[in-house]
Amino acid sequence: MIFIETSISGVFIVELQRISDERGWFSRLYCAEELVKIMGNRHIAQINHSYTRTSGTIRGLHFQYPPKAEMKLIQCIRGKVFDVVVDIRTNSPTFLKWFGVILSEEEHKMIVIPEGCAHGFQVLSSNSELLYFHTNYYSPECEDGLSVMDPKIAIKWPIQIGEISERDLNHQYINSDFLGVIL
Ligand SMILES: Cc1cn([C@H]2C[C@H](O)[C@@H](COP(=O)(O)OP(=O)(O)O[C@H]3O[C@@H](C)C(=O)[C@@H](O)[C@H]3O)O2)c(=O)[nH]c1=O
């Protein structure tokens, strides 16, 4: 696994290696020993899988407040997505800055998103699937969201916004009441 730092502290791209032979290929998706450099003493609590049918669909921007704040490791195992992280850690020098990366079944990399960052993605090819490794349990009480269209964040979505859930459409826009996440 090769770790690449990004413009947001604690957000990493991890390049995964494929070992190919005449039958196809073999690849390690998760290794506690290698990922300890990023994960410290965190452990994976849940692994989730999502499928999105239509290109243009957006999910996000989602995060969990403490005590259920979580690190997420995300891979695209089918299709292609534009994956976005927004730093909402109150005291971070990159507060409200976003970072985007293409994840796809061909590129074979994952993104690591630390606690205090919101996550969303836009599907760029129909029938895309993401695999998520989470260091905390899903908690609807601690879960919150930000609007994917918030001009204060100003994410440049690569293609026209298609489907979006009712819940995601109703997420807050940032205003002076928004303090971010204090970890
Ligand atoms: C996220 C989640 C949802 N659910 C349920 C709630 C709901 O009935 C159904 C679909 O939930 P959602 O609409 O929130 O699914 P979705 O919009 O795909 O949520 C995901 O979005 C991306 C951007 C992330 O970062 C993920 O962590 C997760 O929040 O699944 C769980 O049971 N466990 C979970 O971990």
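How many residues of the shell around the ligand are nonpolar, polar and charged? The shell has three nonpolar, seven polar and three charged residues. The views below come from a predicted model.

**View 1. The shell around the ligand in the predicted model.** The ligand is surrounded by 13 residues, of which Arg59, Gly60, His62, His119 and Tyr138 come nearest. Three strands, β5 (46-52), β6 (58-64) and β11 (117-123), each contribute at least two residues to this shell. Sorted by class, seven of the shell residues are polar, while three are nonpolar and three are charged.

**View 2. The chain as a whole, as context for the close-ups.** The chain contains two helices and 13 strands. Its radius of gyration is 16 Å, close to the 16 Å that the globule rule gives for 183 residues, so the chain is as compact as a globular protein of that length. The C-alpha trace spans about 55 × 40 × 30 Å along its principal axes. Of the 183 residues in the chain, 32% are buried. When contacts between residues at least 6 apart in sequence are considered, 83% of them join residues at least 24 apart.

**View 3. An open sheet of six strands.** The strands follow the order β1-β2-β10-β7-β12-β5, and their pairing is antiparallel. The edges are formed by β1 (2-5) and β5, each of which pairs on one side only. From one strand to the next, the twist averages 25 degrees. At the β1 edge, four bridges join β1 to the antiparallel strand β2 (residues 12-15). Within this part of the sheet, Phe3 stands opposite Val14 in β2.

**View 4. The surroundings of Gln122 in strand β11.** Is Gln122 buried or exposed? Gln122 counts as buried because it has 27 C-beta neighbours inside 10 Å, where 20 or more are required. Apart from neighbours within four places in sequence, Gln122 is in contact with Gly56, Ile58, Val81, Phe82, Trp157, Pro158 and Ile159. One of these residues, Ile58, is 64 residues away from Gln122 along the chain, yet the C-alpha atoms of the two are separated by 4.4 Å.

**View 5. Two cis peptide bonds.** Most peptide bonds are trans. A cis bond, with omega of about -10 degrees, joins Gly60 and Leu61. Leu61 belongs to strand β6, and Gly60 is among the residues that come nearest to the ligand. The peptide bond from Pro66 to Pro67 is also cis, and its omega is near 10 degrees. Pro67 is located in the loop between β6 and β7 (72-78).

**View 6. Asn127, a loop residue with a positive phi.** Most residues other than glycine have a negative phi. Asn127 is not a glycine, but its phi is positive, at about 60 degrees. The residue lies in the loop between β11 and β12 (128-134). Asn127 counts as exposed because it has 12 C-beta neighbours inside 10 Å, and the limit for an exposed residue is 12 or fewer.

**View 7. Ala154, in the loop between β13 and α2.** This loop runs between β13 (143-145) and α2 (166-169). Although Ala154 is not a glycine, it has a positive phi of about 60 degrees. With 9 C-beta neighbours inside 10 Å, Ala154 counts as exposed.

Terms used:
Residues numbered from 1 in each chain as written. Predicted model: local features only at pLDDT ≥ 70, side-chain atom pairs only at ≥ 80, totals over all residues. Near = placed C-beta within 6 Å. Nonpolar A, V, L, I, M, F, W, Y, C, P; charged D, E, K, R; others polar. Rg over C-alpha atoms; globule rule 2.2 N^0.38 Å. Contact = placed C-beta atoms within 7 Å. Pairing = 2+ DSSP bridges. Axes fitted to C-alpha atoms, helices over the stretch in contact; angles between N-to-C directions.
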